[in-house]
Amino acid sequence: MENNIRQLRKAKKLSQEEIAKLCRVSRQTINAIENNKYDPSLQLAFDIAKQLEVTVDDLFIPSK
């Protein structure tokens, strides 16, 4: 599933390291999610959405 996390994170001027610390995961995890190599758990998706001040629906692009 594709996502908008990189764009939303950059709009908030947060680095991968910063968002990772806020969500209590590694920078590599955030990188893998942004590059569509790893789908986050539901809890992690909610944590990322909270830190980016968006809804979980705003994070992901539905598959066609």
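# A guided tour from Pro62 to the salt bridges

Begin by selecting Pro62, which counts as exposed at 64% relative accessibility; here exposed means over 50% relative accessible area, buried means under 20%, and partly exposed lies in between, with a 1.4 Å probe and protein chains only. The structure on the screen is a predicted model, in which local features need pLDDT of at least 70 and side-chain atom pairs count only at pLDDT 80 or more, while totals for chains, interfaces and linings use all residues. Residues are numbered from 1 along each chain as its sequence is written, and side-chain values use heavy atoms, without hydrogens and water.

**Stop 1: from Pro62 to the annotated region**

Pro62 is found in the segment after β2. Helices (H or I, at least four residues) and strands (E, at least two) are DSSP runs, numbered from the N terminus. Add Gln7 to the selection: 55 residues separate Gln7 from Pro62 in sequence, and their C-alpha atoms are 16 Å apart in space.

Now select residues 5–59, which an unreviewed UniProt entry annotates as "domain: HTH cro/C1-type". UniProt positions are given in the numbering used here, with feature names shortened, and such annotations may be inferred rather than shown by experiment. This stretch is 69% helix and 0% strand, and the C-alpha atoms at its ends are 6 Å apart.

**Stop 2: helix α1**

Which helix holds Arg9? Arg9 belongs to α1, residues 5–11. Its relative accessibility is 6%, so Arg9 counts as buried. Not counting residues up to four places away in sequence, Arg9 touches Leu14, Ser15, Gln16, Ile19, Glu34 and Leu52, where contact means heavy atoms within 4.5 Å.

Leu8 also lies in α1. With a relative accessible area of 23%, Leu8 is partly exposed. Beyond the residues up to four places away, Leu8 touches Leu52, Val54, Asp58 and Leu59. For a view across the model, measure from Leu8 to Asn35: the C-alpha atoms are 14 Å apart, with the two positions 27 residues apart in sequence numbering.

**Stop 3: helix α2**

Move to Gln16 in helix α2, which spans residues 16–23. Gln16 is buried, at a relative accessible area of 13%. Apart from neighbours within four places in sequence, the contacts of Gln16 are Arg6, Arg9, Arg27, Ile30, Asn31 and Glu34. Select Ile19 next; with the neighbours within four places again left aside, Ile19 is in contact with Arg9, Leu14, Ile30, Gln51 and Leu52.

**Stop 4: the nonpolar core and α4**

In soluble globular proteins, nonpolar side chains tend to be buried together. In this model the largest nonpolar core has 15 residues, and Ile5, Ile19, Ile48, Leu52 and Leu59 have the most contacts inside it. Two or more residues of this core come from each of α2, α3 (27–34), α4 (42–52) and α5 (56–59). With five residues, α4 gives the most. A nonpolar core is a set of buried Ala, Val, Leu, Ile, Met, Phe, Trp, Tyr and Cys residues joined through side-chain atoms within 4.5 Å.

Select α4 on its own: Leu44, Ala45, Asp47, Ile48, Ala49 and Leu52 are buried there. Against which elements do the buried residues of α4 pack? They pack against α1, α2, α3, α5 and β2 (60–61). Glu53 follows α4, and its phi is positive, near 60°.

**Stop 5: the salt bridges**

A salt bridge is a side-chain nitrogen of Lys or Arg within 4 Å of a carboxyl oxygen of Asp or Glu. By this rule there are four salt bridges.

Select Glu34 and Arg9, which form one with their closest N and O atoms 2.6 Å apart. Glu34 is in helix α3 and Arg9 in helix α1, so the pair ties together parts 25 residues apart in sequence. Both Glu34 and Arg9 are buried.

Continue to Lys12 and Glu53, whose side chains meet in a salt bridge at 2.4 Å, N to O. Lys12 sits in the loop between α1 and α2 and Glu53 in the loop between α4 and α5, so that distant parts of the chain, 41 residues apart, are linked. Lys12 is partly exposed at 35% relative accessibility, whereas Glu53 is exposed at 61%.

Finally, select Asp47 and Arg24, whose salt bridge spans 3.7 Å, N to O. Asp47 lies in helix α4 and Arg24 in the loop between α2 and α3, so the pair ties together parts 23 residues apart in sequence. Asp47 counts as buried at 15% relative accessibility, but Arg24 counts as exposed at 68%. To end the tour, select Arg6, Arg9 and Glu34, which are joined into one network by salt bridges that share partners.
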